[in-house]
Amino acid sequence: MPEPTTQKPLPPGMVLGPDGKPCRACASGAMFRNWKPTIATKEQARNQKSQVGTSAVAAVAASSVGPLPPLHNQTNCPPRSEELGRATWTFLHTTAAYYPDRPTPTQRANVLSLIRALPLLYPCSHCADDFGEDVKLNAPDVSGRAGLSRWLCDRHNEVNRKLGKAAFDCSKTDERWKDGPADGSCD
Ligand SMILES: Cc1cc2nc3c(=O)[nH]c(=O)nc-3n(C[C@H](O)[C@H](O)[C@H](O)COP(=O)(O)OP(=O)(O)OC[C@H]3O[C@@H](n4cnc5c(N)ncnc54)[C@H](O)[C@@H]3O)c2cc1C
């Protein structure tokens, strides 16, 4: 295990990546959103400041009132694992939705490369490891649009299951990722 390269204590919810550096994309933003400590005294605020070292904390230290404001407003900030996950699933499901019904050997090879690259490149390292294990057990179906969409839906549902989320109805992948609902509300 590589040594951490930072001397500063990690903010709550932050985790280290495989390189020993803080990895935002590995960390859950929920930890930050749900983190609402009440600062009762300047002393506690000072302690928080020395641990976290943000101007937001400094502002609370000066006033000593109420909970800390968010560390940042989450707009235009580097993604945490949820945001990265949503963006990646959007890309993957949309790619599957537009994959040909009868792909050429080159198209099959390309999509296979994309899937196989994820466990190696996906920046949330524990997500990447889990996904890699799942792909080993469940060979990608790159035979055509329907097969790829179904395979990805099942993989995503596996992650949903691990995270305690409801399963998505895989008969609705086209509606969700290609056609939109029949009522035209996405047109
Ligand atoms: C390859 C990969 C592995 C991941 N592994 C982890 C992990 O190990 N731990 C972790 O905490 N997070 C992991 N994530 C992130 C996680 O899956 C979510 O993206 C993140 O928690 C945000 O969830 P969400 O509820 O906003 O919606 P998401 O799960 O991101 O889903 C986005 C949208 O996709 C649609 N959808 C949901 N399920 C399906 C499905 N089965 N098929 C088609 N469409 C669907 C829904 O409309 C949903 O709103 C991973 C992401 C990816 C891409």
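Okay, let's start with a glycine: Gly164 sits just after helix α7 and takes a positive phi of about 75°. Keep in mind that this is a predicted model.

So what about α7 itself? How far apart are the end C-alpha atoms of this helix? They are 26 Å apart, and that agrees with what we'd expect, because 18 residues, 145–162, at 1.5 Å a residue should span 26 Å.

Plenty of α7 is tucked away. The buried residues include Arg145, Leu148, Trp151, Leu152, His156 and Asn157. What covers the buried residues of this helix? Among the cover are α4, α5, α6 and α8.

Hang on to two of those names, since they come back at the ligand. There are 21 residues around the ligand, and His156 is one of those that come nearest, along with Arg86, Trp89, Lys165 and Arg176. Asn157 has a side-chain N or O atom 3.0 Å from a nitrogen atom of the ligand. For Lys165, a side-chain N or O atom is 2.7 Å from a ligand oxygen, and for Trp89 the distance to a ligand oxygen is 2.9 Å. On its own the ligand exposes 940 Å², and the protein buries 83% of that.

Now, Trp89 has another partner. The count of aromatic pairs comes to one. It's Trp89 with Phe131: the ring centres are 6.4 Å apart and the planes sit at 75°, over the 60 degree cut-off, so we call the pair edge-to-face. This pair links distant parts of the chain, with Trp89 in α4 and Phe131 in α6, 42 residues apart.

Buried or exposed, then, for Trp89? Buried, because its relative accessibility is 14%, and Phe131 counts as buried too, at 10%.

Note on methods. Residues numbered from 1 in each chain as written. Predicted model: local features only at pLDDT ≥ 70, side-chain atom pairs only at ≥ 80, totals over all residues. Heavy atoms only, no water. Helix = DSSP H or I, 4+ residues; strand = E, 2+ residues; numbered from the N terminus. Expected span 1.5 Å × (residues − 1). Buried < 20%, exposed > 50% of the residue type's maximum accessible area, 1.4 Å probe, protein only. Contact = heavy atoms within 4.5 Å. Near = heavy atom within 4 Å. Polar contact = N/O pair within 3.5 Å; in protein donor to acceptor, adjacent residues only side chain to side chain. Areas by Shrake-Rupley, 256 points an atom, 1.4 Å probe, with all protein chains shown as cover. Phe/Tyr/Trp six-rings, centres within 6.5 Å; stacked < 30°, edge-to-face > 60°.
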